[in-house]
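Grab a pencil and work through these exercises with the model open beside you. Try each task before reading its solution.

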Amino acid sequence: MTMPAYYIPHGGGPCFFMDWSPADTWTALGNWMRSIPASLPQPPTAQLVFSAHWEQPEFTLLTTGQPDLYYDYYDFPPHTYDLRWPAPAAPELFDSVRQCMQTVGMPLAEDNTRDFDHGVFIPGLLMYPQAQIPTLQISLRRGLDPQEHLALGRALAPLRDKGVLFVGSGMSYHNMRAFRYGDNTPIEGAEIFDDWLTTTVCNPQPALRNAALAEWEKAPGARFAHPREEHLIPLMVIAGAAGAAQGKLAWHDRAMGAPLSAFSFD
């Protein structure tokens, strides 16, 4: 059975595991991510995560035997550095990933020392707190070229037919300076890009969807929403892996004044 593919906003650092003001700042997003496993047609054989927090010169497969956690966030409460998520690696799928990349002539590097960054383990703690799902991670490629990441998704798409859940972990809005800490007043100008993104991802013609995503910088409000695009680029991988499936708005709400959206492809 073909597994869905998701692009999710992963919040701010370990935001779901600490106190905020207002207290419910991240509650809706956290609850939605916790609901994802029950919505799937079957438990995934593994999950393949593309995090905004790992960029390499070439697409790189994390092959660490038993990944630990890389706490790549700063100045958060001490207990957030004690989080644990011992998800197993998925070595039986390493060869499948390699084969997919070789088939299309796409270079693939490997890293057997890196641990899961918070773009992997924070959603993981919400979706699979028992850490029972084998997890693979593949980096983004430096330069953040949308076409290259759409192509990566297309190359790996056959893994969805093997029961692998694809997760693009980023943020649909990521202008850190404009977030309203302690205030959920709408950020002026933020909605325009979110509206464009939703319309684009949900386009019933996948070729037009992907063409528009490849030129996302031309969208209204694009560079306001993403001064740097690393948190948007995981969406390109997921859209590429979606094939002919139409995108759906899976979740939408506001946090710290910003509109946040998640998308699914079934």
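**Exercise 1. Find the salt-bridge partner that Glu110 has, and say which elements the pair ties together.**

Solution. Start with the rule: a salt bridge needs a side-chain nitrogen of Lys or Arg within 4 Å of a carboxyl oxygen of Asp or Glu. Glu110 meets that rule with Arg98, with the closest N and O atoms 2.5 Å apart. Next, place the two: Glu110 sits in strand β5 (residues 109-111) and Arg98 in helix α2, so the pair ties together parts that are 12 residues apart in sequence. Helices (H or I, at least four residues) and strands (E, at least two) are DSSP runs, numbered from the N terminus.

A word on the ground rules: this is a predicted model, where local features need pLDDT of at least 70 and side-chain atom pairs count only at pLDDT 80 or more, while totals for chains, interfaces and linings use all residues. Residues are numbered from 1 along each chain as its sequence is written, and side-chain values use heavy atoms, with hydrogens and water left out.

**Exercise 2. Arg98 forms a salt bridge with Asp95; work out where both lie and how exposed each one is.**

Solution. The closest N and O atoms of Arg98 and Asp95 are 2.5 Å apart. Both residues lie in helix α2 (residues 91-103), 3 residues apart, or about one turn of the helix. For exposure, buried means under 20% relative accessible area, exposed over 50%, and partly exposed in between (1.4 Å probe, protein chains only). Arg98, at 23%, is therefore partly exposed, whereas Asp95, at 52%, counts as exposed. Glu110 comes out at 41%, so Glu110 is partly exposed.

**Exercise 3. Which residue pairs with Lys248 in a salt bridge, and how exposed are the two?**

Solution. The partner is Asp266, with the closest N and O atoms 2.9 Å apart. This pair links distant parts of the chain: Lys248 is in strand β9 and Asp266 in the segment after β10, 18 residues apart. Lys248 has a relative accessible area of 43%, so Lys248 is partly exposed; Asp266, at 47%, is partly exposed as well. By the rule above, the full count is 12 salt bridges.

**Exercise 4. Lay out the open sheet of 6 strands and follow what happens around β10.**

Solution. Write down the order: β6-β2-β8-β1-β10-β9, with mixed pairing. Two strands pair if DSSP finds at least two bridges between them. The edges are β6 (135-137) and β9 (247-255), each pairing on one side only. Now look at β10: 8 bridges join β9 to β10, running antiparallel, and Asp253 stands opposite Leu260 in β10. On the other pairing, β1 meets β10 in the antiparallel sense over 3 bridges, with Tyr6 opposite Ser264. Finally, check burial: 8 of the 8 residues of β10 (residues 258-265) are buried, so the strand is largely enclosed by the rest of the structure.

**Exercise 5. Which residues have the most contacts inside the largest nonpolar core?**

Solution. A nonpolar core is a set of buried Ala, Val, Leu, Ile, Met, Phe, Trp, Tyr and Cys residues joined through side-chain atoms within 4.5 Å. The largest one has 93 residues, and Leu156 and Phe166 have the most contacts inside it. Helix α8 (residues 233-242) gives this core its largest share, 8 residues. Leaving aside neighbours within four places in sequence, Leu156 has contacts (heavy atoms within 4.5 Å) that include Leu48, Phe50 and Phe166.
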